[in-house]
Amino acid sequence: MNGQMMQQPLLISSLIVHAERHHAEQQVVSRRVEGDIHRTTYREIAARSRRVANALAALGVQAGQRVATLAWNGYRHMELYFGVSGSGAVLHTVNPRLHPDQIVYIADHAEDQVLFFDMTFWPLIQAVASRCKTIRHWVALTDRAHMPPAEQAAKLPNLLCYEELLAAQSDRYDWPALDENTASSLCYTSGTTGNPKGVLYSHRSTLLHTMAAALPDCLGAGAGDCILPVVPMFHVNSWGIVYLGPMTGAKLVLPGSGLDGQSLYELFESEGVTLSAGVPTVWQGLLAYVDAKGLKFSTMRRSAIGGSACPPAMIKKFLDDYGVRVIHAWGMTEISPIGTAAAFKAQHVGQSADERLAVMATQGRAIFGVDLKIVEEAGHELPWDGQATGDVYVRGPWVISSYFRNEGGDPLKDGWFPTGDVAKMTPEGYMVITDRSKDVIKSGGEWIGSIDLENIAMSHPAVAMAACIAAHHPKWDERPLLVVMKKTGATLTREELLAFYDGKIAKWWTPDDVVFVDAIPLGATGKMQKIKLREQFKSYVLPT
Ligand code: AMP
């Protein structure tokens, strides 16, 4: 017997329809590439998204075709989120920090038809346009006054101006009643090895992920919030925040290209931001700025940090010095991206500050919808005893089932997606990631978790960033080598840093050596690129 409830597909267009009806006057504030602060509302964004849908039809874009963006977080990019996906086309958010060759590769692979870009990326567009085989129209996300100079523009046939494109269209449009399993957006994984692979989300997976992201033990967002996603809209749909805003009615503040400490801090304060989200490296810049100036956050209360391990020292500093609660979360492009978040259970109420910090420092518990397990090499599940360490497998309605164009074949094992992360689980169900499987250091056959070693280094007051990699060792095969970037003006010696490990870990885990560098290479999504460091130090000879 079937239930007697309405069959309504879960569609991305329904988010902006809801926001227009129930939160019409709620603000969306953007720092534009034109240099100013722009204010709009959900009412306006809904109307302009409908113009986008009409414009795509006028450009001949058909259902299922890919429409690319190379853009910062801003209201125009947001209009494309709803206009493109809502009309049945697929929004392909391209990461502008990728190498131009990779951008050409993924634009061709996705067979993008139209590409919308922020003017910041005009030099990049000029460099790649003639090499992209399928793009028929290039649309600058600006008005006529800020378009490229005529002599440059003349070299790119089919260059259009976004504001003119929208002005020529009606804001009347009926969102199609798509099947909820229709593809809605496409992101390519960072591709540390080989070519990037596409992850194709559906309307259904996106809606379910957004609802779960809004839960109190995840991002916990509501209409009273003002959310500033530092995480870019080209990095896994800004972790769902651009959908979360219209779903909950929260105010959104979109920071554009201004991701330095000062620009972010100014927006936090002037707009009354209560919740933010980003990778640890961004917060380092912000905290350094706020520290140096002796500032406080007057409204910010929660900050979701993920994408790579958030050092416990950062969680503690946010809480003790600024009253900001870090929500440490874990996820990946293949899982839309959120899988776990570190929220307390009832038993943690009244625990000591150190005990609570230990909970906050884990990658957190699975949110409903994501099931996970840790397995040993043969694929057998390991116990959740806080000791056993194994590969993390996940499954759920917003977890990938195969890559775009079936690249790489079937990624699943017995219906589970192997994440490539290595973790242990506490008996309460909190996941503690010890490594990426590729980054694990194997010393004499035993694993050493590089994240633990990095977290300790980063709790030293003189350390800005630390990466731990395996260096070849004649006896133990591999031993940990710590690569450290000091804070500006700080002094620190190898011996002092190694002594700092005493009593904090098993003695044999202590890194064999420390090298100080001016900078640690960061990838396109702000993560430390250990692959580059391993290359750089592949012939490194450890002291004996
Ligand atoms: P991406 O698909 O580029 O977002 O990268 C996903 C990977 O980032 C995961 O598989 C993890 O290795 C890493 N990652 C994400 N969040 C965390 C976290 N909170 N702690 C440790 N690693 C993380």
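Me: What makes α3 a covered helix in this predicted model?

Reply: Buried means under 20% relative accessible area, and Y75, R76, H77, M78, E79, L80, Y81, F82, G83, V84, S85 and G86 in α3 are buried. That is 12 of its 12 residues, so by the under-20% cut-off α3 is mostly covered.

Me: How do you know that the span of α3 is close to what is expected of a helix?

Reply: The expected span is 1.5 Å times one less than the number of residues. Helix α3 runs over residues 75-86, has 12 residues, and reaches 16 Å from its first C-alpha to its last, against an expected 16 Å. Just after the helix, G88 takes a positive phi of about 105°.

Me: Why is R48 called buried?

Reply: The relative accessible area of R48 is 14%, and the cut-off for buried is under 20%, so R48 is buried. This arginine sits in helix α2, residues 42-58.

Me: What makes Y75, R76 and E79 contacts of R48?

Reply: Contact means heavy atoms within 4.5 Å. R48 touches Y75, R76 and E79, along with Y162, E163 and L166, when residues up to four places away in sequence are not counted. Y75, R76 and E79 are among the buried residues of α3.

Me: Let's turn to the ligand. What makes the approach of D421 a polar contact?

Reply: A polar contact is a pair of N or O atoms within 3.5 Å. An N or O atom in the side chain of D421 is 2.6 Å from an oxygen atom of the ligand, so this pair counts as a polar contact. For R436, a side-chain N or O atom is 2.8 Å from a ligand oxygen atom. With Q363 the partner is a nitrogen atom of the ligand, 2.9 Å from a polar side-chain atom. As for cover, the ligand has 500 Å² of accessible area on its own, and the protein covers 91% of this.

Me: Which residues come nearest to the ligand, and which strand gives the largest share of the shell?

Reply: A329, T333, D421, R436 and K527 come nearest, out of 15 residues around the ligand. Strand β14, residues 325-331, gives the largest share of the shell, with 4 residues.

Me: Is G390 buried or exposed, and how do you know?

Reply: G390 has a relative accessible area of 3%; buried means under 20%, so G390 is buried. This glycine has its place in strand β18, residues 389-395. Leaving aside neighbours within four places in sequence, G390 is in contact with I374, V375, L382, D421, V422 and A423. One of these, D421, is also among the residues that come nearest to the ligand.

Me: Why is A304 called buried?

Reply: Its relative accessibility is 1%, and buried means under 20%, so A304 is buried. A304 is found in strand β13. Its contacts, beyond neighbours within four places in sequence, are L219, W239, S276, A277, G278, W283 and I327. A304 and V279 are 25 residues apart in sequence but 8.5 Å apart in space, C-alpha to C-alpha.

Me: What covers the buried residues of α11?

Reply: The cover includes α10 (261-271), β12 (275-278), β13 (302-305), α12 (312-322) and β23 (463-473). The buried residues of α11 are P280, T281, V282, W283, L286, L287, Y289 and V290. W283 also appears among the contacts of A304. Helix α11 has 14 residues (280-293) and reaches 20 Å, close to the 20 Å expected. Just after α11, G294 takes a positive phi of about 65°.

Me: Why is N406 called partly exposed?

Reply: N406 has 49% relative accessibility. Exposed means over 50% and buried means under 20%, with partly exposed in between, so N406 counts as partly exposed. N406 lies in the loop between β18 and β19 (417-425).

Me: What makes the backbone stand out at N406, D477 and P337?

Reply: Most residues other than glycine have a negative phi, and most peptide bonds are trans. Phi of N406 is near 60°, a positive value, and D477, in strand β24, has a positive phi of about 80° although it is not a glycine. The peptide bond from S336 to P337 is cis, with omega near 10°. P337 is found in the loop between β14 and β15 (338-341).

Note on methods. Residues are numbered from 1 along each chain as its sequence is written. This is a predicted model: local features need pLDDT of at least 70, side-chain atom pairs count only at pLDDT 80 or more; totals for chains, interfaces and linings use all residues. Side-chain values use heavy atoms; hydrogens and water are left out. Helices (H or I, at least four residues) and strands (E, at least two) are DSSP runs, numbered from the N terminus. Buried means under 20% relative accessible area, exposed over 50%, partly exposed in between (1.4 Å probe, protein chains only). A residue is near a molecule or strand if one of its heavy atoms lies within 4 Å of it. A polar contact is a pair of N or O atoms within 3.5 Å; within protein, one must be able to donate a hydrogen and the other to accept it, and residues adjacent in sequence count only if both atoms are side-chain atoms. Accessible areas come from the Shrake-Rupley method with a 1.4 Å probe; for residues, only the protein chains shown count as cover.
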